[in-house]
Amino acid sequence: MAHIKKFIAPSDLELINQSDQEWLDNVFNRFDGFPSLEQIWQLMDEVWYKLKCDSEVIDIRIDEYYSHPVWLLNGLFTEQHEQSLANREGFTSWVIDQNPQRVADIGGGFGTLARMISNRCGNVEVDIIEPYPHQVSIERAKNNHNVRYRKSLEGKYDILIATDIFEHVE
């Protein structure tokens, strides 16, 4: 478990179960460090095929897929990847310019964008619409009083953000 401790903060590590820690440690060992974006995509595909997921059949396999630690890895990657952060900064600036009261980040995953909006504009209510949040992302969101995880949209929103989710829309 030596590799995982290089890349994940002790406070986050406490929130990750043993099985997921072992999976992450194997990944860091396999790629001799934090995987690249392309390697994360490769891992997502590997998990998809291992679970025998089928985009035509929405069943428990999809739940298992989106609950897999590959999505935690993806979230951690997003928060250290320069281009990913720059993209989210662009969205954040645009949202702030619109002066909204409520924002929904649909499929907001790890919550990076929602927290960035919250950090820049603490009076905006930001809901992360995410059916499979990891405990690490939930804990990180607790540092922002106006960010909440929800399973579905609730009420009216001024802005709906949907990034990196269109592959799920038929």
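A residue is taken as buried under 20% relative accessible area, as exposed over 50%, and as partly exposed in between. The model analysed here is predicted. By this criterion Asp-32 counts as exposed, because its relative accessibility is 69%. The residue lies in the loop that links helix H3 (18-30) to helix H4 (37-50). Its phi angle is near 55°, a positive value in a residue other than glycine. A second non-glycine residue with positive phi is Lys-52, for which the angle is near 60°. Lys-52 is located in the loop between H4 and helix H5 (60-66). With a relative accessible area of 62%, Lys-52 is therefore exposed.

The protein chain contains nine helices and four strands. Their order along the sequence is α-α-α-α-α-α-α-β-α-β-α-β-β. For 170 residues, a compact globule would have a radius of gyration near 15 Å, and the 16 Å of the protein chain agrees with this. Along the principal axes, the C-alpha atoms occupy a box of roughly 45 × 40 × 25 Å. Of the 170 residues, 42% are buried. Among contacts in the protein chain with a separation of 6 or more, 54% are between residues 24 or more positions apart. The accessible surface amounts to about 9,800 Å², and carbon and sulfur atoms contribute 50% of this area. The protein chain carries 16 positive and 28 negative charges, and the mean positions of the two sets are 4 Å apart.

The largest nonpolar core comprises 24 residues. Within this core, the residues with the most contacts are Ile-8, Ile-16, Leu-24, Tyr-65, Leu-72 and Leu-73. Two or more core residues are supplied by each of H3, H4, H5 and helix H6 (70-78). Apart from this core lies another, of 13 residues, which includes Val-95, Ala-114, Ile-117 and Val-124. When neighbours within four places in sequence are left aside, Ile-8 is in contact with Leu-13, Ile-16, Leu-24, Phe-28 and Leu-76. Two of these partners, Ile-16 and Leu-24, are also listed with Ile-8 among the residues with the most contacts inside the largest core.

Helix H6 is mostly covered, with eight of its nine residues buried. The buried residues are Val-70, Leu-72, Leu-73, Asn-74, Gly-75, Leu-76, Phe-77 and Thr-78. Leu-72 and Leu-73 are thus buried in H6 and are listed among the residues with the most contacts in the largest core. Leu-76, another buried residue of H6, is in contact with Ile-8. The cover over the buried residues of H6 includes H3, H4, helix H7 (82-98), helix H8 (112-120) and H9.

Tyr-132 is placed in the loop between strand E2 (125-129) and helix H9 (135-141). Its relative accessible area is 25%, so Tyr-132 is partly exposed. The C-alpha atoms of Tyr-132 and Tyr-66 are separated by 6.1 Å, although the two residues are 66 residues apart along the chain. Not counting residues up to four places away in sequence, Tyr-132 touches Ile-62, Asp-63, Tyr-66 and Ser-67.

Methods. Residues numbered from 1 in each chain as written. Predicted model: local features only at pLDDT ≥ 70, side-chain atom pairs only at ≥ 80, totals over all residues. Heavy atoms only, no water. Rg over C-alpha atoms; globule rule 2.2 N^0.38 Å. Buried < 20%, exposed > 50% of the residue type's maximum accessible area, 1.4 Å probe, protein only. Contact = heavy atoms within 4.5 Å. Areas by Shrake-Rupley, 256 points an atom, 1.4 Å probe, with all protein chains shown as cover. Lys, Arg positive; Asp, Glu negative; His and termini not counted. Charge placed at Lys NZ, Arg CZ, Asp CG, Glu CD. Core = buried A, V, L, I, M, F, W, Y, C linked by side-chain atoms within 4.5 Å.
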